[in-house]
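Hello,

Here is the structure I promised to send over. Please have a look at it first, and my notes follow below.

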Amino acid sequence: MGGPLGAIIGRYPSAAGGGEDELGPSGGGGGDGIIRHDRRCQDLAFLVLFAGFWVAMIVNSSFGFNQGDPLRLTYELDYKGNVCGSRHGDPDLHELDVKYWMNPNQVYQSGVKNNKIDLADAKAICLMECPIPSADGLNFVCDYPEGDIRLSVDDWINRDYDYFEFLTPDMRNSSLQLQGPCYPVIFPSINVYWSCQFIARASNVSLKHWQQMGGVNIDENILIDKTIHKAINSKSAVLKRYVADIGKSWPVLFVCGGLLPLFLSVVWLLMIRYFVAAMPWITVVLFNALIISVTMFCYMKGGWLGNDPLTVVIGESDPYVHISGREISHLHAATVVMTVIMIIAFLCSIAIIRRILIATPVLKVAAKVIGEVQALIIFPVVPYIILAIFYMFWFSATLHLFSSGQVLRNDCNTDCCSYDLKLGKVNCDNCCGYSMHSTPHIGVAILFHLFGCYWATQFFIACSSTVIAGSVASYYWARGELSHEIPFVTVVSSLKRLLRYSLGSVAIGSLVVSVVEWVRFILECLRRKLKLVDSARESCFGKMTSSSSQCCLGCIDWTLKSVNRNAYIMIAITGKGFFKASVVATGLIMNNILRIGKVNVIGDVILFLGKLCVSLLCALFAFLMLDTHKYKSAHNKISSPLVPVLVSWGLGYIVAKLFFQVVEMSIDTIILSFCQDAEEHQGNAQYAPPILMETMDEQSELQRLTQGP
């Protein structure tokens, strides 16, 4: 009985004996047919497509490096179009990183309905810190010194930005009309994400002095508070701050997303090797402990537990002032989601306790493979290093792409005048402020950049899977006759076969998964937008259709990932192209669905929980690192720990997936090889180790599944 593979694996003379990757006499029977060697390059068109994709990624990232400035993600623009905190401004603003709106009347009018003034056009400059009203007089904040004002920027800063006493009578009169160059400090303000948030409580002393000097009326209204708060907490501003948080917290990402998961994954593999019987129980208990810990941290940073909540204010502030931001709302939402996940995880853990014993024999098989082919523990370091280099480049390009665009003067239609120190007179022609303008192709470039990251990640993981599958298949069909040198030779040989023949097949497999994932993401975004627009009139049929479509896409995605994983095994063994390998793998699985399902499902669950343990521990350490003074104050202050923690979790999961694939692919490869072995030998596998024979015994497994505790 040849089975779907025919006589291409196993020990058949017809199976291309010889070749550069033979195991030799000590590898079993002269090496004939252990792994097929008469191969040719497969799926070249998709390999060319993948090469073109890399060229496009480099060009796309180059655009970001040329056009972007990560400072724009954290700091705002002044009325001249300078980025606060930039050394390349006019003047040099490297110490001046806080945006302050000088004219309180413009701030007020920008919040009035049907008013032509926009807050982006209100006159704002960059300061070192937010000014406060004088306790017994009146302070001024004056424009950058230039023209007839013979002060250096350092002297201007040392004078608390106040040179009102040096003004000519014309300048003083202009200032009293709120046309500059000096403006009164009437309202207290605090530094909220590097913008001075007005608090709608005018200083009575300062306001009285202003009125005595003959200054124009200043509007007092809660709009002064709400207008700036609305601008600071807009969706675009929050998104920029989240991306900036990634750049500020790079040491956390390096440790918790790179080094820590590497260490934990290797430790987990070693424990599987030497303490395999206890690992399922350790994994389940540790998973529940970690998910509870991460949830508690969300409660603490969200302000629902303890006295150390997230604050949007940078530096010292009035303890009675409470200003919330959109980041806090997002943290509250994440806390609720984590609570639901924690409850579901706990209930699922109770449900699988009876089934955990089934996973132990499967893991023992993988542990035996790791013990024989010892290079499998070391091999994932290779794709890990490649991915680490790729992610460093990708994150840097991400910061520049998100900050790309042109700083252009706004097209406004307002009536305002301000004193121009260079011209030496009041100028009413330059009332419009500056804003970042992004062209549509920047949005497309960002989407392509995100998709490229996902495809590249899937590609490198698929390459690692294929190499592991080829090594394990060589071990299985050698029937335990491996010499001490072969464990390293099999991994190197499998890697050579991948690089020479199968990169195109891996490229198409990873592309299929990436496309399906992105289709799901786009459809989910459209569904949410339609739900918000038409939530009141949404029919039961519409809700059912939406839910069923999401469910179908989820099933398709899961099926494709499963098919891909088994296709990579067949690619490694047979050298076929992706689609032919998928057909062969699917046929082999369908012929043995009950046998495979009984021993593999619980093993996959334990491995999945193991990956979550590593990633959750990375998230927990990220919380601990971010909960220090370094990331709560000054220029390193992050707007929210949410994004760095999520990125650390994602990176930790990817690294864990790279290493856990050793166990995962070992199990899948051996089971598929066992099924083919059994089909070739009339139902009795000839090459399976005794422990696998016991595990795959149908009667004992059926009894184990159905018996009570």
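Tyr 161 sits in the loop between helix H4 (153-158) and H5, where helices (H or I, at least four residues) and strands (E, at least two) are DSSP runs, numbered from the N terminus. This is a predicted model, in which local features need pLDDT of at least 70 and side-chain atom pairs count only at pLDDT 80 or more, while totals for chains, interfaces and linings use all residues. Residues are numbered from 1 along each chain as its sequence is written, and side-chain values use heavy atoms, with hydrogens and water left out.

Back to the backbone, then. Tyr 161 has a positive phi of about 65 degrees although it is not a glycine. Its relative accessibility is 6%, so Tyr 161 counts as buried; buried means under 20% relative accessible area, exposed over 50%, and partly exposed in between (1.4 Å probe, protein chains only). Leu 178 also has a positive phi, near 60 degrees, and is a residue other than glycine. Leu 178 lies in the loop between H5 and S4 and is buried, because its relative accessible area is 4%.

There are cis peptide bonds to look at as well. One joins Gly 180 and Pro 181, with omega about 10 degrees, and Pro 181 is found in the loop between helix H5 (169-176) and strand S4 (182-184). Another joins Asp 90 and Pro 91, again with omega about 10 degrees; Pro 91 is in the loop between H2 and S1. As background, most residues other than glycine have a negative phi, and most peptide bonds are trans.

The loop of Pro 91, between H2 and S1, brings me to the surface charges. Asp 92, Glu 95, Asp 154 and Asp 155 form a negative surface patch. Patches are made of residues with over 30% relative accessible area and no salt bridge, with like charges joined within 9 Å and nonpolar side chains (Val, Leu, Ile, Met, Phe, Trp, Tyr) within 5 Å. Lys and Arg count as positive and Asp and Glu as negative, while His and the chain ends are not counted; the place of a charge is taken as NZ of Lys, CZ of Arg, CG of Asp or CD of Glu. Within this patch, Glu 95 lies in the loop between helix H2 (71-74) and strand S1 (98-101). With 39% relative accessibility, Glu 95 counts as partly exposed.

A nonpolar patch on the surface is made of Trp 281, Ile 343, Phe 346, Leu 347, Ile 350 and Ile 353, with about 590 Å² of accessible area together (areas come from the Shrake-Rupley method with a 1.4 Å probe; for residues, only the protein chains shown count as cover). H11 gives the most to this patch, with four residues. Trp 281 belongs to helix H10 (residues 279-301) and is partly exposed, because its relative accessible area is 36%.

Now for the salt bridges. How many does the structure hold? There are eleven, a salt bridge being a side-chain nitrogen of Lys or Arg within 4 Å of a carboxyl oxygen of Asp or Glu. One of them pairs Arg 159 with Glu 165, whose closest N and O atoms are 2.6 Å apart. Arg 159 is partly exposed, because its relative accessible area is 29%, and Glu 165 counts as exposed at 54% relative accessibility.

Another salt bridge joins the side chains of Arg 241 and Glu 327 (2.7 Å, N to O). This pair links distant parts of the chain, with Arg 241 in helix H8 (residues 235-248) and Glu 327 in helix H11 (residues 326-351), 86 residues apart. Arg 241 counts as buried at 8% relative accessibility, and Glu 327 is buried with a relative accessible area of 0%.

Arg 565 and Asp 668 also meet in a salt bridge (2.7 Å, N to O). That pair connects distant parts of the chain too, from helix H17 (residues 540-574) to helix H20, 103 residues apart. Both Arg 565 and Asp 668 are buried. In addition, Lys 301, Asp 308, Asp 627 and Lys 632 are joined into one network by salt bridges that share partners.

Last comes Ser 648, in helix H20 (residues 642-680). Ser 648 counts as buried, because its relative accessibility is 0%. Not counting residues up to four places away in sequence, Ser 648 touches Val 252, Leu 253, Cys 256, Gly 257, Cys 618 and Ala 622, a contact meaning heavy atoms within 4.5 Å.

Best wishes
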